[in-house]
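User: I'd like to practise reading a model feature by feature. Could you walk me through this one?

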Amino acid sequence: MTESSLNAFKGTIAQERKLKEVIAKHKDMPGALLPVLQEAQGIYGYLPIEVQQMVADGLEISLSEVYGVATFYSQFSLTPKGEHRISVCLGTACYVKGADKILAAIEEKLGIKSGECTPDGLFSIDSCRCVGACGLAPVMMVDDEVYGKMTVDQVDKILDKYIKKGGK
């Protein structure tokens with residue numbers, strides 16, 4: 001099973017209507033693509049190919065131009081994000097203290113890789129380079145909650161807390 005089949009695009013009519021309003025608002029402005037993509041990501045939470053195609057069609061530009069901008073800027077995501085966003089710091093201090101093993105344990109428990117979202121939309125995993133908590137290395141964040149001095153043995157307990165809560 002591929003990631004795209006696990007996370008099929010599920011846009012709504014209301015979201016599409018809002019995106020069309022955003023495109024109409026910016027269409028005749030120079031440099032419209034960037035603000036349209038920012039608002040589109042706000043509407044959908046990410047920029048799947050279906051949304052990129054709507055933006056390209058609405059702004060009368062090529063899909064490759066939209067894709068180029070969406071992949072150039074790190075603020076944009078082409079994959080959905082979960083209700084609970086897990087971030088594992090892979091900066092130097094965290095990495096030398098085993099953050100790669102923490103990340104591997106999370107990926108194994110959730111059955112997804114960094115950059116992906118679970119099929120139920122509950123979790124997504126990303127890595128980052130530094131969260132500014134080097135004294136607590138290795139560090140993992142779930143949403144805005146920081147977990148420091150992590151060990152592989154703690155991963156299940158922490159994630160189970162969010163699984164039991166279910167959605168927000």
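User: Let's begin with helix H7. Which elements do the buried residues of H7 pack against?

Analyst: Keep in mind that this is a predicted model. As a general idea, nonpolar side chains in soluble globular proteins tend to be buried together. Here, the buried residues of H7 pack against strand S1 (84-89), helix H6 (92-96), S2, S3 and H8.

User: Which residues of H7 are buried?

Analyst: They are Ala99, Ile102, Leu103, Ala105, Ile106, Glu107 and Leu110. Take Leu110: leaving aside neighbours within four places in sequence, Leu110 is in contact with Ile86, Thr118, Phe123, Ile125 and Leu159.

User: What span should H7 have, and what do its end C-alpha atoms show?

Analyst: The trick is to count 1.5 Å a residue, which gives 16 Å for the twelve residues of H7. The end C-alpha atoms are 17 Å apart, so the two values agree. Right after H7 comes Gly111, with a positive phi near 70°.

User: And the largest nonpolar core: which residues touch the most other members?

Analyst: Of its 26 residues, those are Ile86, Val88, Ile106, Leu110 and Met140. S1, H7, S2, S3 and H8 each give two or more residues to this core, and H7 has the largest share, with six residues. Another core lies apart from it, with 18 residues, including Ala40, Val51, Val55 and Val66.

User: Thr118 turned up among the contacts of Leu110. Is Thr118 buried or exposed?

Analyst: Thr118 counts as buried, because its relative accessibility is 5%. Its place is the loop between helix H7 (99-110) and S2. A polar atom of the Thr118 side chain lies 3.2 Å from the backbone nitrogen of Leu122.

User: Now backbone oddities. Which residues other than glycine have a positive phi?

Analyst: The background here is that most residues other than glycine have a negative phi, and most peptide bonds are trans. Glu60 goes against that with a phi of about 55°, and Lys149 does too, with phi near 50°. Glu60 sits in the loop between H4 and helix H5 (63-72), while Lys149 is in the loop between strand S4 (145-147) and helix H8 (152-165). Glu60 is exposed at 63% relative accessible area, and Lys149 is exposed at 51%.

User: Where is there a cis peptide bond?

Analyst: Look between Ala137 and Pro138, where omega is about -5°. Pro138 belongs to the loop between strand S2 (123-128) and strand S3 (140-142).

User: How many disulfides does the structure hold?

Analyst: Zero. The check is simply how far apart the sulfurs are, with a pair needing to be within 2.5 Å. The cysteine sulfur closest to that of Cys94 is in Cys89, 3.5 Å away, so the pair is too far apart for a bond. Cys94 is also buried, with a relative accessible area of 2%. Cys130 is in no disulfide either, and its nearest cysteine sulfur, in Cys134, is 4.1 Å away.

User: One last residue, Asp57. Which side chain does the Asp57 side chain make a polar contact with?

Analyst: That's the side chain of Gln53, at 2.8 Å. Asp57 is in helix H4 (residues 49-59) and is exposed, with 51% relative accessible area. For a sense of the layout, Asp57 and Tyr95 are 38 residues apart in sequence, and their C-alpha atoms are 43 Å apart in space.

Notes:
Residues numbered from 1 in each chain as written. Predicted model: local features only at pLDDT ≥ 70, side-chain atom pairs only at ≥ 80, totals over all residues. Heavy atoms only, no water. Helix = DSSP H or I, 4+ residues; strand = E, 2+ residues; numbered from the N terminus. Buried < 20%, exposed > 50% of the residue type's maximum accessible area, 1.4 Å probe, protein only. Polar contact = N/O pair within 3.5 Å; in protein donor to acceptor, adjacent residues only side chain to side chain. Expected span 1.5 Å × (residues − 1). Contact = heavy atoms within 4.5 Å. Core = buried A, V, L, I, M, F, W, Y, C linked by side-chain atoms within 4.5 Å.
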